[in-house]
Amino acid sequence: MKATAVLSLAALATSMASKILLVGDSWAFKAGDPLKEVLKNHSDPREVVNRGISGSTAAQWADLPDHVRTLVDMHGGTEVEYIWVSVGGNDAQDQLPGCQLAGGTRDECVQECLDSVLNSTQKFLDPVVAAYPDIKIFQFGYDILNVSQCFLLL
């Protein structure tokens with residue numbers, strides 16, 4: 001009897017495996033297959049749903065603020081336990097050189113870029129958090145294109 005109950009619980013847990021949704025730029029896009037492999041190697045039943053778009057910016061994701069929430073909806077809603085967010089690198093690449101050419105200092109330009117990325121990220125994640133308050137969102141940082149070298153090139 002106990003063995004049947006344990007097997008039933010194990011089957012239920014496997015059938016209710018959560019999902020990890022990857023969104024953002026190439027760091028998300030390229031992380032999907034390695035993450036799947038790590039989970040597989042550790043017998044982790046979570047599914048990786050990769051919706052990263054190489055070259056995308058936080059500003060582009062923010063242009064459609066409900067898009068990430070819609071992706072969560074499409075992939076089972078509460079079945080999506082985690083969202084892996086990777087944005088910022090392309091924003092920096094797009095914004096920093098023009099800011100300096102316009103007369104901004106390195107510190108001013110970096111702060112302007114960071115503020116922009118944070119505001120954009122909040123725009124596309126707020127609808128997710130409102131609809132799914134228990135979802136876990138994590139994001140990795142960037143060494144923003146080695147800022148000191150970026151400015152030396154200009």
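**Close-up 1. Arg-46, partly exposed at a relative accessible area of 26%, in a salt bridge with Glu-81.** This is a predicted model. Glu-81 is partly exposed too, with a relative accessible area of 22%. The N-to-O distance for the pair is 3.9 Å, and with the salt-bridge cut-off set at 4 Å, that still counts. Arg-46 sits in the loop between helix H3 (32–41) and strand S2 (47–50), while Glu-81 belongs to strand S3, so here we have two distant parts of the chain linked, 35 residues apart.

**Close-up 2. Lys-136 and Glu-81, side chains meeting in a salt bridge.** This time N and O are 3.4 Å apart. Lys-136 comes from strand S4 (residues 136–139) and Glu-81 from strand S3, so the contact ties together parts 55 residues apart in sequence. As for accessibility, Lys-136 comes in at 39%, which makes it partly exposed. Zoom out a little and there's a network: salt bridges with shared partners join Asp-44, Arg-46, Glu-81 and Lys-136.

**Close-up 3. Lys-19 paired with Glu-79 in a salt bridge.** The closest N and O atoms lie 3.3 Å apart. Strand S1 (residues 19–24) supplies Lys-19, and Glu-79 is in the loop between helix H5 (67–74) and strand S3 (80–86), so parts 60 residues apart in sequence get tied together. Which partner is buried? Lys-19 is, with a relative accessible area of 12%; Glu-79 is partly exposed at 40%. For the full tally, the structure holds 7 salt bridges.

Definitions and conventions. Residues numbered from 1 in each chain as written. Predicted model: local features only at pLDDT ≥ 70, side-chain atom pairs only at ≥ 80, totals over all residues. Heavy atoms only, no water. Helix = DSSP H or I, 4+ residues; strand = E, 2+ residues; numbered from the N terminus. Buried < 20%, exposed > 50% of the residue type's maximum accessible area, 1.4 Å probe, protein only.
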